[in-house]
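Here are a few exercises to help you find your way around a new structure. Try each task yourself before you read the solution.

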Amino acid sequence: TQTLSQFKQWYQRRVRGIYDGMDLMPILTGETENIERPVFYYRGNEMFAVRVGRYKAHYWTWTHAHYHFCPGQYVKNVTTPDQTNCTAHPIVFNIERDPGEKYKIMRGSEYNAAMELIT
């Protein structure tokens with residue numbers, strides 16, 4: 001059984017290049033608890049959403065022609081069978097408070113603060 005420090009030593013000797021992704025060693029070793037970075041969501045070549053911290057902004061919405069295939073996952077004006085352009089006013093969710101993305105944040109101070117953080 002290898003300890004975390006043994007793994008870290010092995011890792012530092014073996015990893016010599018830059019790979020697609022990010023170094024998780026600071027999290028594994030306890031040097032940091034979190035690495036903040038944006039996460040981009042794509043469907044094909046189209047960016048549909050961006051998440052930064054606790055907020056996720058949907059610039060396009062769309063599920064599938066049969067969007068009722070997953071009961072309980074319908075969100076009014078968000079999950080639709082048609083691809084909908086929301087780039088003028090993205091649909092924003094607070095993922096910490098609403099991990100199921102069922103209750104969009106209405107435009108106002110929290111919405112503006114989220115969009116300031118994301119853009």
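**Exercise 1. Trace the order of helices and strands along the chain.**

Solution. Going along the sequence, you meet α-α-β-β-β-β-β-β-α. That comes to three helices and six strands; these are DSSP runs, helices being H or I with at least four residues and strands E with at least two, numbered from the N terminus.

A word on the model: it is predicted, so local features need pLDDT of at least 70 and side-chain atom pairs pLDDT 80 or more, while totals for chains, interfaces and linings use all residues. Residues are numbered from 1 along each chain as its sequence is written, and side-chain values use heavy atoms, leaving out hydrogens and water.

**Exercise 2. Work out which residues of helix α3 are buried.**

Solution. Start with residues 109-118, where Y111, A114, M115 and I118 are buried (under 20% relative accessible area; exposed is over 50%, partly exposed in between, with a 1.4 Å probe and protein chains only). Now look down the axis of α3: its buried residues fall within an arc of 95°, so they line one face. The arc is taken from directions from the helix axis to the C-beta atoms. On the face turned away sit the exposed S109 and E116. Finally, the cover over the buried residues includes β2 (46-52), β3 (55-58) and β6 (91-94).

**Exercise 3. Find what gives the most to the largest nonpolar core.**

Solution. This core has 13 residues, being buried Ala, Val, Leu, Ile, Met, Phe, Trp, Tyr and Cys joined through side-chain atoms within 4.5 Å. β2, β3 and α3 each supply at least two, and α3 gives the most, with four.

Key. Contact means heavy atoms within 4.5 Å.
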